[in-house]
Amino acid sequence: MSDTLTPVEADHAMRNWTYRSEGKIPIGFALHRRMFCEMLLTTHNPYKLAVIDCPKLEPAALKRVTLLPIWDIAVQTEGRASIRVLTFAETVDDTQMRDALRMNGGEEARHKVVLSKLVEAYGIQLAPEPPYPAPKDPLRAWMLTGYSECIDSFFAFGLFEAARQSGYFPEELVETFEPVIQDQEEARHILFSPN
Ligand SMILES: [Fe+2]
Ligand SMILES: [Fe+2]
């Protein structure tokens, strides 16, 4: 299980994941559900937040990063995503699905901490955070978050790559945060939630 993997092993497992069953997986049936739950559960990267080292940035690069008007939204989106996913998880009877959802919610909470670390390291001023109440309609809230992640990421991945290619984000910053936020976890969530 992924709990026993190092972050490097987990990274390899995630990038090379394939389902052990051969042949057709009928969509909407138990095997399909097992497959996408297993995908999320077995490709979790148990990285410790302590291993994330915010690289020191040149003054000009630091200014470009801190001036982006996205940090409040990013932190609050992760906070909302986490409570929505975790609330929905507790309404689900299937144990494996519930475990997968709890992991998803936990990863969102971890994203928020990762972002907070970055914000703190670069002295970015955040607006005070609003409360994150549990949603009254957990299923709807889960659907909203699941599909918002798809749409957000469609643009965010592209913008992240544009920032990398143009040098707006310095290479060392991209290298530190690309695997953590974009590539591994949100991509897995996007695969999980529409399924
Ligand atoms: Fe997230
Ligand atoms: Fe996510």
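**Crossing of helix 4 and helix 6**

In this predicted model, helix 4 and helix 6 lie oblique to each other, because an angle under 35 degrees would count as roughly parallel, one over 145 as roughly antiparallel, and one of 65 to 115 as roughly perpendicular, whereas the axes of these two helices cross at roughly 135°. The two axes, those of helix 4 (residues 71-89) and helix 6 (residues 138-166), come within 8 Å, and the crossing they form is left-handed.

On the side of helix 4, the residues that take part in the contact are Ala81, Arg84, Val85, Thr87 and Phe88, and these meet Pro138, Leu139, Ala141, Trp142 and Thr145 of helix 6. Sorted by class, the contact between the two helices comprises seven nonpolar, two polar and one charged residues.

The protein chain to which this pair belongs contains seven helices and zero strands, so that its pattern, read along the sequence, is α-α-α-α-α-α-α. With a radius of gyration of 17 Å, close to the 16 Å given by the globule rule for 195 residues, the protein chain is therefore as compact as a globular protein of that length. Along the principal axes, its C-alpha atoms fill a box of roughly 55 × 40 × 30 Å.

Confidence in the prediction averages a pLDDT of 89 over the protein chain, and 95% of the residues score at least 70. Confidence is highest in helix 4, at a mean of 96, and lowest in helix 1 (residues 7-15), at a mean of 79. Where pLDDT is low, the predicted coordinates should not be read in detail.

Conventions: Residues numbered from 1 in each chain as written. Chains lettered and ligands numbered in written order. Predicted model: local features only at pLDDT ≥ 70, side-chain atom pairs only at ≥ 80, totals over all residues. Axes fitted to C-alpha atoms, helices over the stretch in contact; angles between N-to-C directions. Helix = DSSP H or I, 4+ residues; strand = E, 2+ residues; numbered from the N terminus. Left-handed = near helix turned anticlockwise from the far one by under 90°. Contact = placed C-beta atoms within 7 Å. Nonpolar A, V, L, I, M, F, W, Y, C, P; charged D, E, K, R; others polar. pLDDT = per-residue confidence, 0-100. Rg over C-alpha atoms; globule rule 2.2 N^0.38 Å.
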